[in-house]
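Reader: I have a structure before me and should like to understand how its ligand is held and how its strands are arranged. May we proceed by question and answer?

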Amino acid sequence: MCGIVGYAGRRKAAPLLLDGLKKLEYRGYDSSGIAVENAKGEIQAVKAKGRLIKLIELTSGGENLDGTVGIGHTRWATHGEPNDVNSHPHLSEDGRFAVVHNGIIENYLELKSFLTDKGFKFVSQTDTEVIAHLLEYYFDGDVLDCIRKVLNKLSGSYALGILFNETPDVFYAIRKDSPLVVGLGKDENFIASDMPALLKHTRNFILLSDDEIACISGTKVVIYNKNMEVEEKKPFFVDWDPETAEKGGYPHFMLKEIHEQPKAVRDTVMPRIKDDKIVLYDISLSAEYVKSIKKINIVGCGSAYHAGIIGKYYIERVCRIPVETDFASEFRYRSPIADERVLTIIISQSGETADTLAALREAKRLKSRTLAVVNVLGSSIAREADDVLYTHAGPEIAVATTKGYTTQVAALYLIGLYLAKTLDTIPQSEYEEQLKSLKNLSDNITKLLEKPEETQYLASLYYKNKDLFFIGRGMDYASALEGALKLKEISYIHAEAYPAGELKHGTISLIENGSPVIAVAVDKRLFEKTLSNIKEVKTRGAKVIAVASNENRAVENEAEHTLYIPDCHPLLAPVLTAVYLQLFGYYVAAVKGCDIDKPRNLAKSVTVE
Ligand code: G6P
């Protein structure tokens, strides 16, 4: 995954491009580059391996590059190692075209051999370089026609920014299956891989459809559809506050985003509860359809997948409909069973994860009805699904998701409860009790966040450990999975999550004197069983840290330390458990001095399969 930006206007382009790239560094940070074009049509490109700061230093913050039109790129390598040559922009051999690209050109080897036969020399190992050479090859006087011809040759996914030396006031932008927005300013226009990168300059955006070509100058944006007719697009306004894309006094975006969860959950839940009823205003599942559902598939990657497991436990409990949860990367390849009577819920914060998008398409191909739970407005998954339920988490910048995850879980509660009411599988009193708890969820997160000291203290005790185990039963197991993922992705400590009853079938052999085990013991129904599993590991020398509900205070007799979640309906408790485990992971990584917002080898939104 990579980040791209573009600018056309009256101001010097380079400093603005670098500023935009700073906001997109979460999408890739192994190298970066910019190209600017001056009024004479001279294109100048500068690239640097390593963090963006290298490029900033190399260009004196962009001040030593002239030109008011430009494109930029921050890279997360997929084809070719991170180095100066493989960094974008890539230039055509004659230097007349410069290209930045996010995505993958799947047929690049074929195109490369076609171009090599024509005498083109390749300098990089990237898939992107073929685009620069193809532009040169197909250009015969009409740049738009040339771009169209090149697009017709490409297969795969791409968001592209292109400079051409004969049109010094304009740059070109195209997207297909990769994110890209056009931001509209006053006498200046922009592109970026996401909206937060541009919030400082504008809140008016245009979304491009697949393979439309946008010609962007400072004064206008003209969009051509596949038939090369001008397409009128209505801009839309986003009410995200530019501040939400800044750290706002927190040392890391992750901590800021952990603290934004009360608002994120409230914004996701509250507008959908009216007169003590759930109103899913943005989706259209008729009662008739709901009654016809025979199975639900839930699909996602990473934390979204974990949210899906919570959703499975929850929906099966309250709706009595069978639910299967799949990793999106597995879904397509296991010949999933689906038809009109199977609802497929697709979960993705970014709405751009390649595997998840592919799973959505597979579900649609099988005629399953698709409902996406997505955070980013207008993202690919949101656009392609039959229905979208937006989580209103606001922009999430830290690579490790926090508010993205808890709002996904909250959204699944809304969906489950809505289905249960429609199907009449939930008694009224239980429905009311859960609604009440759902409304209180946000305040309960606030309560939990008011006391970070205990979690900080625990982090200081365990940060030197090389391995940690997480155990739990039922929904507590799903919470354990997410807790382990949080810890390992940002602190690089090996962490494994197990259903508490399963540990003894093998993995318990790894427990030795002093092994830390985080036991999630929130669910009252399963408490006695979990407690015996806690005893099992304790007998083998484990040090147990429990995350528990007040109902399960007896855990203190076995655990070394216990963190209590505020009182709430047991089925909704995973949101609160998650916040503790996020804080634990965060503080461990902080004591270790890790690069929390940009952990090694990871990207925020993975747009490759
Ligand atoms: C990446 C991120 C994870 C995230 C997953 C799915 O791997 O590092 O934090 O859960 O992608 O992302 P999505 O945007 O589809 O929810």
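Author: Let us begin with the ligand. The model is a predicted one, and the space that the ligand takes up in it is the largest pocket.

Reader: How many residues surround the ligand?

Author: Ser303, Ser348, Gln349, Ser350 and Thr353 are the closest members of the shell. By character, the shell divides into five nonpolar residues, eight polar and one charged. The number of residues surrounding the ligand is 14.

Reader: Which helix gives the largest share of the shell around the ligand?

Author: The largest share amounts to three residues. These come from the helix that spans residues 302-319, namely α9.

Reader: What is the distance from a polar side-chain atom of Thr353 to an oxygen atom of the ligand?

Author: Polar backbone atoms also approach ligand oxygen atoms: that of Ser303 is 3.0 Å away, and that of Val399 is 3.5 Å away. The protein covers 90% of the 390 Å² of accessible area that the ligand has on its own. For the side chain of Thr353, the distance to a ligand oxygen atom is 2.5 Å.

Reader: Which strands are the edge strands of the open sheet of eight strands?

Author: The strands follow the order β3-β2-β4-β1-β10-β9-β11-β14, with antiparallel pairing. An edge strand here pairs on one side only. This applies to β3 (43-49) and β14 (236-237).

Reader: Which residue of β14 is the bridge partner of Phe205?

Author: Strand β11 covers residues 204-207 and runs antiparallel to β14, with two bridges joining them. The partner of Phe205 in β14 is Phe236.

How values were computed. Residues numbered from 1 in each chain as written. Predicted model: local features only at pLDDT ≥ 70, side-chain atom pairs only at ≥ 80, totals over all residues. Heavy atoms only, no water. Near = heavy atom within 4 Å. Polar contact = N/O pair within 3.5 Å; in protein donor to acceptor, adjacent residues only side chain to side chain. Areas by Shrake-Rupley, 256 points an atom, 1.4 Å probe, with all protein chains shown as cover. 1 Å grid on protein atoms, 1.4 Å probe; cavity = no way out; pocket = protein on both sides within 12 Å on 5 of 7 lines; lining within 4 Å. Sits in = over half its atoms within 2 Å of the grid points. Helix = DSSP H or I, 4+ residues; strand = E, 2+ residues; numbered from the N terminus. Nonpolar A, V, L, I, M, F, W, Y, C, P; charged D, E, K, R; others polar. Pairing = 2+ DSSP bridges.
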